[in-house]
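Here's a quick look at the cysteine chemistry in this one. Have the viewer ready and pick out the sulfur atoms as you read.

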Amino acid sequence: MLDKNVDRHLMESELNILLKIPDHECGETFFSSCDEDHDGYVREDEWSRCLGCEDCYRPCFVFKSKREERDRTRRFIQSVISCTREGYCNKRQCERQFNRHENCWCVDEDCNEIPGTKSYARRTC
């Protein structure tokens, strides 16, 4: 398994195993060309597009990893993302604020927010 820390990102250090392959330049090229936003990680959506398999990635896992990355810079807000077993978004997604209040909204299965559904009240989607 390449994703050693199981964060759903492939970091360059995790791809060092490719150096053992006789044509290791191929691995370096893969990493640099697939890292579309040049953040040093190849997310699941990036590698699936890079390999020409647009439908291979699971949208909720990509959404969750993007939110987790964003949460690292936010001190009192934590995303509470829930995915189905197949990798799609559950209908209700939330953020926990100050470890007390939840702000929730409804999404489609690809994690796109449905406009007008964000609320601090308990919501059923």
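## Disulfides in the model

The link of Cys89 and Cys111 is right-handed, with 95° about the S-S bond. Keep in mind that this is a predicted model. The sulfur atoms of Cys89 and Cys111 sit 1.9 Å apart, and the two residues form a disulfide. Where are the two ends? Cys89 lies in the loop between E3 and E4, while Cys111 is in the segment after strand E5 (101-106), so this bridge ties together parts that are 22 residues apart in sequence. As for burial, the cut-off is under 20% relative accessible area. Cys89 has 5% relative accessibility, so it counts as buried. Cys111 comes in at 7%, so it is buried as well.

That bridge isn't alone: searching the whole structure turns up five disulfides. Three of them, including the one above, get a closer look here.

Next up is Cys60 with Cys83, a disulfide with its sulfur atoms 2.0 Å apart. Which way does this one twist, left or right? The torsion about the S-S bond is about -75°, so the disulfide of Cys60 and Cys83 is left-handed. This pair links distant parts of the chain, 23 residues apart: Cys60 belongs to helix H3 (residues 59-71), and Cys83 to the loop between strand E3 (77-80) and strand E4 (92-97). The two ends also get their own exposure labels. Cys60 is buried, with a relative accessible area of 0%, whereas Cys83 counts as partly exposed at 22% relative accessibility.

Then there's the disulfide that joins Cys106 to Cys125, with an S to S distance of 2.0 Å. Its torsion about the S-S bond is -85°, and the link is left-handed. Here too the pair connects distant parts of the chain, 19 residues apart, with Cys106 in strand E5 and Cys125 in the segment after E5. Is each end buried or partly exposed? Cys106 is buried, at a relative accessible area of 7%, but Cys125 is partly exposed, at 37%.

Here are the three bridges side by side, for quick reference.

| Pair | S to S distance | S-S torsion and hand |
|---|---|---|
| Cys60 and Cys83 | 2.0 Å | about -75°, left-handed |
| Cys89 and Cys111 | 1.9 Å | 95°, right-handed |
| Cys106 and Cys125 | 2.0 Å | -85°, left-handed |

Notes. Residues are numbered from 1 along each chain as its sequence is written. This is a predicted model: local features need pLDDT of at least 70, side-chain atom pairs count only at pLDDT 80 or more; totals for chains, interfaces and linings use all residues. Side-chain values use heavy atoms; hydrogens and water are left out. A disulfide is a pair of cysteine sulfur atoms within 2.5 Å. Helices (H or I, at least four residues) and strands (E, at least two) are DSSP runs, numbered from the N terminus. Buried means under 20% relative accessible area, exposed over 50%, partly exposed in between (1.4 Å probe, protein chains only).
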